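Trainee: Got a minute? I'd like to go through this structure with you.
Mentor: Sure, put it up and ask away.

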Number of protein chains: 2
Amino acid sequence: MAQKGNLMTVRQDVRVVDATLRDGGLVNDFFFTDEFVNALYRANVQAGVDYMEFGYKASKDIFDVEKFGKWKFCDEEHIRAVVGDNNSETKIAVMADVGRCDYHNDIIPKDESVIDLVRVATYIHQMPTAIRMIEDAKKKGYEVTCNIMALSKARESDLAQALDMLGNSCVDGIYLVDSYGNLYPEQIRAFSEQYLEVGEKYGKFVGIHAHNNQQLAFANTIEALVNGVSYLDATMNGMGRGCGNCSMELLLSFLKNPQYNVYPVFRFLEKHMVPLMQSGLKWGYDIPYLMTGKLNQHPSTAIAASKQGRTDYAQLYTELMDNI
Amino acid sequence: MAQKGNLMTVRQDVRVVDATLRDGGLVNDFFFTDEFVNALYRANVQAGVDYMEFGYKASKDIFDVEKFGKWKFCDEEHIRAVVGDNNSETKIAVMADVGRCDYHNDIIPKDESVIDLVRVATYIHQMPTAIRMIEDAKKKGYEVTCNIMALSKARESDLAQALDMLGNSCVDGIYLVDSYGNLYPEQIRAFSEQYLEVGEKYGKFVGIHAHNNQQLAFANTIEALVNGVSYLDATMNGMGRGCGNCSMELLLSFLKNPQYNVYPVFRFLEKHMVPLMQSGLKWGYDIPYLMTGKLNQHPSTAIAASKQGRTDYAQLYTELMDNI
């Protein structure tokens, strides 16, 4: 597949999606201060970021509202308290997890909502439900993506079928999600080609959401970009579950479109991310995450090891090898 | 250029070079304990690492031996105190900097030395002296590479000429060195092609030494590898000047050759790198390094900012923009 664009020019199809609250919320159970969220919204608007994902539309039937911050649920009123009617160029996104979202009730018609984009997150075996949720959100008037998680664990034949189902659905975009931070750039290249082939055939855009277990989140994001992927997820300082995500400061430093401005991001990092890190929240590359990434495992064991401050790497590696 | 090898097979031409003492020595002025150096040597041998670089052959006329640890100078007796006659598969390397090495006197004939490889490090405007040093080391019996530093600052016409000079010299290998951590994978791809074309024409291998300013040291190393580059520099936990280098644990996790074994690396990290980090030594990705990397500047300003604990990123960025 030929390279799309180059380092001197602008790709007009690119969209940057800030996922700090959503993936970063997995670090602190979504307990962000209002000051933080307000400042993040302003920083994204000033930086020219195309979408800001506020969090999950999780079911209050399944999750205890006392145990999570409000961005686990993204009530309309809470988003509006930050963005008003959102008179900005930055669109608003939320994530709806298959099996964890009461979408019939919690996703209201678009003409009553300030949300623009609903991202349906699914494991590959849940595709029929994902399609149902996509149809529901589309009918209600939203832009809709489908984010197939844990791609590195999916059977190739299942993936081909899932992509075909999505091609034939009313979804607007399909996301390549490396949940375990397992994939190398040459694999991202191959998956990008596969997704883009479906995308071109059916008129869907393709996005990428990467994790940094092997220090490849940014590299894999721009590898996908160079191949034609256009929706790019990033988070402030890479904040996200476990080792975190592609860093917004790296991505905006890379992109040449004058729409994007990294300066407000640096100001946000200084004023809001530094205190957050000093408060003791932890994410980012660490040896246990490399291990689960390399071994294509869910990061939960690594998160537990990291929380316990384990540095007995040799023993930990031996334990993880037993899980293969 | 077609991909060389794939994720399931082994490239027999690959050589892994541990540069922990040499590039890591720039973090602590080469004051490593003997216990650390002995353990590092053992770990490299057990991990199947092909070369271990012990440090610089710096001139004692230029540098005060009181101000630096012994690996700034790499006296023969100090290396032998660690490796004896080096009855292992891991070869011994040192770096000789153009203008900072009294090579006539300090590089002794190979048949009196346990060193195998002399790496001549040069800026592009020093090529004639580099060639003289290469000829000297080759005549004395060593394997020799030339490491052209700060590649991202070199004029393209100068680089073409330098590569041609090296092609016509007796050097064994040519290194692509991204001293400022400025280059993106697509640029590494282009430089790899250029270096490999010269390498194939004149029978020289090509190596890569990357820095992690933009979290791309590992990604750029495997990008070069996939294109045919064969000598790969890495350091334990990425230890190296400023933001550091490609991490050995990532590289050995990637390589499929059964010769390599990442387990002794994990044990070394746990027993020796964790205490080193706890002692207060700092390296690794941080916002100031991203800025100098993106702006193609020497990391000195970022190192100073990081040492001062500066987190006023917006102001720092404004200052750095004045240096372009």
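Trainee: Which side chain does Arg189(A) meet in a salt bridge?
Mentor: That of Glu223(B). The N to O distance is 3.4 Å. Keep in mind that this is a predicted model, and the distance is computed from it.

Trainee: How many salt bridges are there across the interface of chain B and chain A?
Mentor: The rule finds 2. The pair Arg189(A) and Glu223(B) forms a salt bridge between side chains.

Trainee: And how many residue pairs are in polar contact?
Mentor: Between chain B and chain A, 12. Both residues of a pair must have pLDDT 80 or more to count.

Trainee: Which elements of chain B give two or more residues to the side that touches chain A?
Mentor: Six names to note: α7, α8, α9, α10, α11 and α13 of chain B. In sequence, α7(B) covers 185-202 and α13(B) covers 313-321.

Trainee: Which one gives the most?
Mentor: α10(B), with 6 residues. It spans 263-278.

Trainee: What about the whole contact, how many residues does each chain put in?
Mentor: Chain B puts in 42 and chain A puts in 41. The area buried between them is about 3600 Å². Carbon and sulfur atoms give 64% of that area.

Trainee: Which residues of chain B lose the most area to chain A?
Mentor: Glu186(B), Gln215(B) and Phe266(B). Together they account for 16% of what the chain B side buries.

Trainee: New topic. Is strand β7 of chain A mostly covered or mostly open?
Mentor: Mostly covered. The strand runs over residues 205-209, and 5 of its 5 residues are buried.

Trainee: Which way do the residues point from β7(A)?
Mentor: Phe205(A), Gly207(A) and His209(A) point one way. Val206(A) and Ile208(A) point the other way. Both sets are buried.

Trainee: In what sense do β6(A) and β7(A) pair?
Mentor: Parallel, over 5 bridges. β6(A) is residues 173-177. Val177(A) stands opposite His209(A) of β7(A).

Trainee: What do β6(A), α7(A) and β7(A) make together?
Mentor: A right-handed β-α-β unit. Helix α7(A) takes residues 185-202.

Trainee: Where does the chain go from β7(A)?
Mentor: Through helix α8(A), residues 217-227, to β8(A). That β-α-β crossover is right-handed.

Trainee: How many bridges join β7(A) to β8(A)?
Mentor: There are 2, and the strands run parallel. Gly207(A) stands opposite Tyr231(A) in β8(A). Gly207(A) is one of the buried residues of β7(A), too.

Definitions and conventions: Residues numbered from 1 in each chain as written. Chains lettered and ligands numbered in written order. Predicted model: local features only at pLDDT ≥ 70, side-chain atom pairs only at ≥ 80, totals over all residues. Heavy atoms only, no water. Buried < 20%, exposed > 50% of the residue type's maximum accessible area, 1.4 Å probe, protein only. Helix = DSSP H or I, 4+ residues; strand = E, 2+ residues; numbered from the N terminus. Pairing = 2+ DSSP bridges. Right-handed = clockwise from strand over helix to strand, strands pointing away. Contact = heavy atoms within 4.5 Å. Buried area = accessible area lost by both parts, 1.4 Å probe. Salt bridge = Lys/Arg side-chain N within 4 Å of Asp/Glu carboxyl O. Polar contact = N/O pair within 3.5 Å; in protein donor to acceptor, adjacent residues only side chain to side chain.
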